[in-house]
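Reader: Can you walk me through the surface and the inside of this one? Keep it short.
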Amino acid sequence: MMKRLLILLCCVLLVGISSAQNNPGYLGRHVLFNMEGSLSPSWKNSNVMTPALQSMSSQHAKNYLGLNYFLSPNVEVVVWRHGTVGAGYSYTQNRKDISFSRSDGEYYLIENTYFYTLDFSTPLNITAHGFNVFYKQYLGESKAPLGHYVKLTFDGYFYNYQANVDLSSFNANFGSNFLPYYDEGKGTLFGLKAEYGYDLLFFNRLRISMGVTLGTTFGGFKQVKNEMSDSPFVLHGYETVPVTNDDLVKNRILNAYWFGIKLGVGLLAF
């Protein structure tokens with residue numbers, strides 16, 4: 001899978017470079033090397049790493065309005081007076097709070113059996129990396145690679161997640177005997193986003209980019225449907241669907257992906 005994606009990226013760049021030879025570029029230069037990053041509020045799911053374990057009774061102390069981020073070094077080629085194409089690498093880290101239950105032995109009272117059960121909350125740590133390909137169209141009198149533009153980007157992410165909770169210190173403090181919690185997984189998720197922004201060029205070499213992005217991933221909607229079904233205003237007929245930790249991870253990436261404020265710096269090399 002990775003080899004095919006690398007071949008795809010190479011093909012995009014080769015087509016761009018071959019097309020660039022047929023246009024004057026900017027002062028004879030066609031290729032830019034960029035470092036771009038986008039930020040967005042994480043709303044009620046802060047990606048700030050809080051302590052690894054908390055009981056459900058203390059969940060009201062969550063952090064709010066942390067920042068999601070995506071980083072993308074890329075190569076961009078001017079293919080005609082008003083357009084560029086490019087390909088790059090993408091990376092992000094995030095987290096999703098999940099809950100789990102633990103039962104601690106059996107306690108007998110006359111003929112009835114009682115279980116000591118407690119609910120916990122812990123972050124599911126998420127790492128995602130992958131690739132992106134894009135086309136950028138400059139608007140009006142703007143000519144590549146500076147001025148007003150719109151940009152369409154296709155992203156592919158390979159993500160993995162892990163939660164590893166050792167309850168030994170909790171057991172020591174409260175005299176309990178809870179088993180540890182562990183879960184991990186990995187998968188792929190693709191996305192498509194549009195961007196509007198403006199490029200500034202200094203010294204005919206250094207480019208600063210600013211933009212706003214809107215997009216969607218092709219997955220992560222199970223949790224959204226469940227949240228809608230809890231609303232009294234939803235029409236009858238909606239039913240909750242089983243949600244796994246993998247579904248929650250996809251939903252967390254979707255929440256981070258759909259909106260962003262992009263900043264970038266690039267070098268018009270040759």
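Author: We will take the cavities, then the nonpolar patch. Keep in mind that this is a predicted model.

Reader: How many cavities of 30 Å³ or more are there?
Author: The count comes to two. The largest has a volume of about 170 Å³.

Reader: Which residues are closest to the centre of the largest cavity?
Author: Glu36, Ser72, Asn132, Asp155 and Lys193, out of 17 that line the largest cavity. Elements giving two or more residues to that lining are β1 (31-41), β3, β6 (147-165) and β7.

Reader: What is the make-up of that lining by class?
Author: Eight polar residues, six charged and three nonpolar.

Reader: And the second largest cavity, what is its volume?
Author: About 50 Å³. Its lining residues include Phe70, Lys193, Thr213 and Tyr257. Lys193 is also among the residues closest to the centre of the largest cavity.

Reader: Which element gives the most to the second lining?
Author: β1, with three residues. α4 (245-257) and β9 each supply at least two. By class, the second lining has five nonpolar residues, four polar and one charged.

Reader: Now the outside. Which residues make the nonpolar surface patch?
Author: Met35, Leu71, Tyr198, Leu200, Phe202, Phe203, Leu206, Met210, Leu263 and Val265 make a patch of about 900 Å². β7 (181-202), β8 (206-217) and β9 (259-268) each give two or more residues. β7 has the largest share, three residues.

Reader: Where does Leu71 lie?
Author: In strand β3, residues 67-80.

Reader: Why does Leu71 count as partly exposed?
Author: Because its relative accessible area is 39%, between the 20% and 50% cut-offs.

Terms used:
Residues numbered from 1 in each chain as written. Predicted model: local features only at pLDDT ≥ 70, side-chain atom pairs only at ≥ 80, totals over all residues. Heavy atoms only, no water. Patch = residues over 30% accessible without salt bridge, like charges linked within 9 Å, V, L, I, M, F, W, Y side chains within 5 Å. Areas by Shrake-Rupley, 256 points an atom, 1.4 Å probe, with all protein chains shown as cover. Salt bridge = Lys/Arg side-chain N within 4 Å of Asp/Glu carboxyl O. Helix = DSSP H or I, 4+ residues; strand = E, 2+ residues; numbered from the N terminus. Buried < 20%, exposed > 50% of the residue type's maximum accessible area, 1.4 Å probe, protein only. 1 Å grid on protein atoms, 1.4 Å probe; cavity = no way out; pocket = protein on both sides within 12 Å on 5 of 7 lines; lining within 4 Å. Points joined across faces, edges and corners; volume = space filled by probe spheres on them. Nonpolar A, V, L, I, M, F, W, Y, C, P; charged D, E, K, R; others polar.
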